[in-house]
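Visitor: I would like a close look at a single part of this model, taken slowly and with the reasoning spelled out. Please begin with one residue and then work outwards to the helix and the core.

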Amino acid sequence: MKQLQRTLFFITFPVWVFSFTIILNVFSSYLSAEEKPEMIISYLIHTLRSINKPVCEKAADNLQSLTDNKSNYDLHLRNADLTYKEIQRIAEAIKTVHDKRGPSLKSFSMSYNKHLGDEGVFVLVKALPPTVTEIGLVQCGIGDQGGDSLISWAINAPKLKWLCVEQNSFSDEIKRRFIQLGKERNGLLVVL
């Protein structure tokens, strides 16, 4: 009887170890896939698709086609007719991608989204990563409070090279501050 138990043990133990090894390999492959940049960007892709607007769908398609080794991305949502809630969701997704060390956002535009306004700018400046090199917020209904917030963000955005904010409702004082920012920051073009 002991011989039979020993024989069964030597037969079943390697099968059990082999099965356990396969399960571990599958599980660790799943975990490492979750950390790949192209998988992390899926947070943003899913958010854009859920908004169900043509401009967002096109942007999601562009992000979906990123190659496996792509380390950065652009997000252009011009004239998308975004609501404040949709802007909030997009900002949260951008922040999630950055916080999880996904691809870096470089060029960003929400130009011609008239509902962006000051509140939308407040949400964006909390979410936009320091990797951004270009921002386009043309004709977005932004006033002085949003302009002030954008200037404060831009001062601490080391890679920012281009800031286009024309056709918004800025006072002469805010316009002067934008111009001053462009003069003080070497290599930063501010378009009012």
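**From a buried serine to a helix and its core**

Guide: With a relative accessibility of 7%, S107 counts as buried in this predicted model, and its place is in strand β2. The side chain of S107 makes a polar contact, at 2.7 Å, with the side chain of H76. Apart from neighbours within four places in sequence, the residues in contact with S107 are Y73, D74, L75, H76, T133 and E134.

One of those contacts, L75, leads on to the core, since L75 is listed with L44 and L163 as having the most contacts inside the largest nonpolar core, a set of 51 residues. At least two residues of this core come from each of α3 (42–51), α4 (54–64), β1 (72–76), α5 (84–99), β2 (104–109), α6 (117–127), α7 (144–155) and α8 (172–184), and the largest share, 6 residues, is supplied by α5. As a general background, nonpolar side chains in soluble globular proteins tend to be buried together.

Helix α5 therefore deserves the closest reading, and its length can be checked: at 1.5 Å a residue, its 16 residues should span 22 Å, and the end C-alpha atoms are 22 Å apart, which agrees. The buried residues of α5 are E86, I87, I90, A91, A93, I94 and V97. Viewed down the axis of α5, these buried residues fall within an arc of 160 degrees, so they line one face of the helix. The general reason for such a pattern is that an α-helix has 3.6 residues a turn, so residues three or four places apart point the same way. K85 and E92, by contrast, are exposed on the other side of α5. After the helix comes R101, with a positive phi near 65 degrees.

Returning to the core, L163 is in contact with I135, L150, A154, F178, L181, L188, L189, V190 and V191, leaving aside its neighbours within four places in sequence.

The cysteines complete the picture, for a search of the whole structure finds 0 disulfides. In the case of C164, the closest cysteine sulfur is that of C140, and because the two sulfur atoms are 9.8 Å apart, they are too far for a bond, given that a disulfide requires a pair within 2.5 Å. C164 is also buried, at 7% relative accessibility, and C56 is buried as well, with a relative accessible area of 0%.

Definitions and conventions
Residues numbered from 1 in each chain as written. Predicted model: local features only at pLDDT ≥ 70, side-chain atom pairs only at ≥ 80, totals over all residues. Heavy atoms only, no water. Buried < 20%, exposed > 50% of the residue type's maximum accessible area, 1.4 Å probe, protein only. Core = buried A, V, L, I, M, F, W, Y, C linked by side-chain atoms within 4.5 Å. Helix = DSSP H or I, 4+ residues; strand = E, 2+ residues; numbered from the N terminus. Contact = heavy atoms within 4.5 Å. Expected span 1.5 Å × (residues − 1). Arc of directions from axis to C-beta. Polar contact = N/O pair within 3.5 Å; in protein donor to acceptor, adjacent residues only side chain to side chain.
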